[in-house]
Amino acid sequence: LKVKTFLEEQGCDVKFYDMRISFPKPRLDLMCGFRFKQEELLTSFLATSCSGLLGAPTRYGKTTLIKNTLRAFPNLHTVVTAPGADLVKQLYEDVKDALPHREVRLIGAGSTKSPCDDINVVSMDSLHKCDAAACKLLLIDEPHACVTDSRLPELVKFDKARRIGFGATLKGRFDQRDILIEALIGPVIAERTFQQAVAEGAVCPLI
């Protein structure tokens, strides 16, 4: 919509067509294991039923938010992606332990397995191994890392998926590519600031 508004301000005649496919409502009753106000934050995000960014400071518990997003959509072909082999491996273990009834595959980060039809935890540099057209839900950890020249073209291919980015750093890239994060995933829909997280007791104040 920012593009539409910009073009209209420049005097262009714009016609907007909403081509989004139907998407299931989240099963909020399947979510669990929250602390502080994590549930309130995630519920407010999912209630909007659109792609976008969820911001929360470091140590707030983004992994808990990701796991519960997976619980809320139990029957979707899903890709969870993150930068770096160590982060991907840890995320894979966390998801696998939290959802033992789901099939979870590690793609990239040293794994030689092929993607499955359920949950694939994938290194950002191995997204080319996935069937982007089949993916319905794309969860992006650390979305500020996804707009490099090599990663951006692979993420653009997930044009049939609901895209959700979870990050503590949603702006301030040194190369001024912040706008590409929003263009690729969507706007910041729900956010918990550092001060709000401190007030909840979720993180310690800086001394």
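**Exercise 1. Place Glu 142 and look at its backbone.**

Glu 142 sits in the loop between E5 and helix H5 (152-156). Helices (H or I, at least four residues) and strands (E, at least two) are DSSP runs, numbered from the N terminus. This is a predicted model, where local features need pLDDT of at least 70, side-chain atom pairs count only at pLDDT 80 or more, and totals for chains, interfaces and linings use all residues. Residues are numbered from 1 along each chain as its sequence is written, and side-chain values use heavy atoms, with hydrogens and water left out.

Now the backbone: Glu 142 is not a glycine, yet has a positive phi of about 60 degrees. Ser 49 is another non-glycine residue with a positive phi, near 55 degrees. Look for Ser 49 in the loop between H2 and strand E1 (52-55). Ser 49 counts as partly exposed because its relative accessibility is 38%; buried means under 20% relative accessible area, exposed over 50%, and partly exposed in between (1.4 Å probe, protein chains only).

**Exercise 2. Sort Lys 2, Ser 123 and Asp 125 by accessibility, then check their surroundings.**

Step 1, Lys 2. This residue belongs to helix H1 (residues 2-9). With 55% relative accessibility, Lys 2 goes in the exposed pile. For a sense of distance, Lys 2 and Lys 89 are 87 residues apart in sequence and 36 Å apart in space, C-alpha to C-alpha.

Step 2, Ser 123. You'll find Ser 123 in strand E4. Its relative accessible area is 8%, so Ser 123 is buried. Skip the neighbours within four places in sequence, and Ser 123 is in contact (heavy atoms within 4.5 Å) with Thr 81, Ala 82, Val 88, Ile 107 and Ala 109.

Step 3, Asp 125. This one is in the loop between E4 and E5. A relative accessible area of 45% makes Asp 125 partly exposed. Not counting residues up to four places away in sequence, Asp 125 touches Ser 150 and Arg 151. Asp 125 and Lys 136 are eleven residues apart in sequence, with 20 Å between their C-alpha atoms.

**Exercise 3. Work out how H2 packs on H3.**

Step 1, the geometry. Two packed helices are described by the angle between their axes and the distance between the axes. Axes are lines fitted to C-alpha atoms, for helices over the stretch in contact, and angles run from 0 to 180 degrees between N-to-C directions. For H2 and H3 the angle is about 50 degrees and the axes are 11 Å apart.

Step 2, the label. H2 and H3 are therefore oblique to each other; angles under 35 degrees count as roughly parallel, over 145 as roughly antiparallel, 65 to 115 as roughly perpendicular and the rest as oblique.

Step 3, the residues. H2 brings Gln 38, Leu 41, Leu 42 and Leu 46, while H3 brings Thr 64, Leu 65, Asn 68, Thr 69 and Ala 72. By class, that's five nonpolar, four polar and no charged residues. Here Ala, Val, Leu, Ile, Met, Phe, Trp, Tyr, Cys and Pro count as nonpolar, Asp, Glu, Lys and Arg as charged, and the others, Gly among them, as polar.

Step 4, zoom in on Gln 38. Gln 38 is buried, with a relative accessible area of 3%. Leaving aside neighbours within four places in sequence, Gln 38 is in contact with Gly 33, Tyr 60, Gly 61, Thr 64 and Leu 65.

**Exercise 4. Do the same for H3 and H4.**

H3 and H4 pack at about 45 degrees, with axes 10 Å apart. That angle makes H3 oblique to H4. From H3 come Thr 63, Ile 66, Lys 67, Leu 70 and Arg 71, which meet Leu 91, Asp 94, Val 95 and Ala 98 in H4. The tally is five nonpolar, one polar and three charged residues.

**Exercise 5. How many residues are in the largest nonpolar core, and which have the most contacts inside it?**

Step 1. A nonpolar core is a set of buried Ala, Val, Leu, Ile, Met, Phe, Trp, Tyr and Cys residues joined through side-chain atoms within 4.5 Å. The largest has 37 residues, and those with the most contacts inside it are Leu 46, Leu 70, Val 80, Ile 119, Val 121 and Leu 139.

Step 2. Elements giving two or more residues include helix H3 (62-72), strand E2 (78-82) and strand E4 (119-123). H4 gives the most to this core, with five residues.

Step 3. A second, separate core of 21 residues includes Val 122, Cys 135, Phe 158 and Ile 181.
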